[in-house]
Amino acid sequence: AMPPLELHDRHDAPSVYFSALTSRPFWPEDGLTALLKANVDLIRDEFKAISTSDHRKDIRDVKLTKSGWTVFSFLDASGNKIEANCARCPKTTALVESLPSMNGTNAWTMAYFSIMAPGTHVRRHMGPGNITRRYHLGLEVPERDSYLMVHDRIASWRNNECIVFDDSYKHEVFHQSDQRRVVFIVDIPHPELTVAERDFFKKLA
């Protein structure tokens, strides 16, 4: 039998917490970080070709920032492809689809560009569950005054570099620069999940 699940309200605590998984605020680099970094130029080029008028307000913006947080999404929170956007960025889409866990049918997986306007503060919050890992690839990052706090640790984005973390920990963003911040975000299932467990969690999404 699987360990018990704990259910909570979203943003204030994870809605799903699977206690069998290894848990830590930040994770070291791995094969996916190497793949993203190796393809950063093509990802960045496709982002630059998108008009800012096609960026959409992040659904979390009103509750968590009330400022300037926009996104351009490829996979929604249910792992479904947003076909029109994927067509605009075929190389980035192909890269995402090359990942075994990102075949467009997995719940809890996402892929999108995240754009934060100068002066954005995202208040302390939690993601929906600990069954994923979140990857941030820096595409357009100011040299200073942009920070991510996860639990009790602070990290800074860097161009062409990745941050990997567990967003079920409380985390907060301080983007105090006078320039925008752009990162490419990919969520994948926690690598310790079995196929059966992934199928189970799809039903809870």
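Residues 1-10 are a stretch to treat with care: pLDDT (the predictor's confidence in each residue, from 0 to 100) stays under 50 there, and the model has 26 contacts beyond four places in sequence for these residues, a contact being heavy atoms within 4.5 Å. Where pLDDT is low, the predicted coordinates should not be read in detail. Across the protein chain, pLDDT averages 86, and 85% of the residues score at least 70. The model is predicted, with local features needing pLDDT of at least 70 and side-chain atom pairs counting only at pLDDT 80 or more, while totals for chains, interfaces and linings use all residues. Residues are numbered from 1 along each chain as its sequence is written, and side-chain values use heavy atoms, leaving out hydrogens and water.

Helices (H or I, at least four residues) and strands (E, at least two) are DSSP runs, numbered from the N terminus. In helix 5 (residues 90-97), the buried residues (under 20% relative accessible area, 1.4 Å probe, protein chains only) are Thr 92, Thr 93, Leu 95 and Val 96. Seen down the helix axis, they fall within an arc of 160 degrees, taken from the directions to the C-beta atoms, so they line one face of helix 5. Their cover includes helix 1 (31-38), helix 2 (40-48) and strand 13 (181-189).

Then there is an open sheet of 4 strands, in the order 7-12-9-10, with antiparallel pairing; two strands pair if DSSP finds at least two bridges between them. Strand 7 (120-125) and strand 10 (153-155) stand at the edges with a single partner strand each, so one side of each lacks a neighbour in the sheet. Strand 9 (residues 146-150) is joined to strand 10 by 3 bridges, and Leu 148 stands opposite Ala 155 in strand 10.

Note on methods
Buried means under 20% relative accessible area, exposed over 50%, partly exposed in between (1.4 Å probe, protein chains only).
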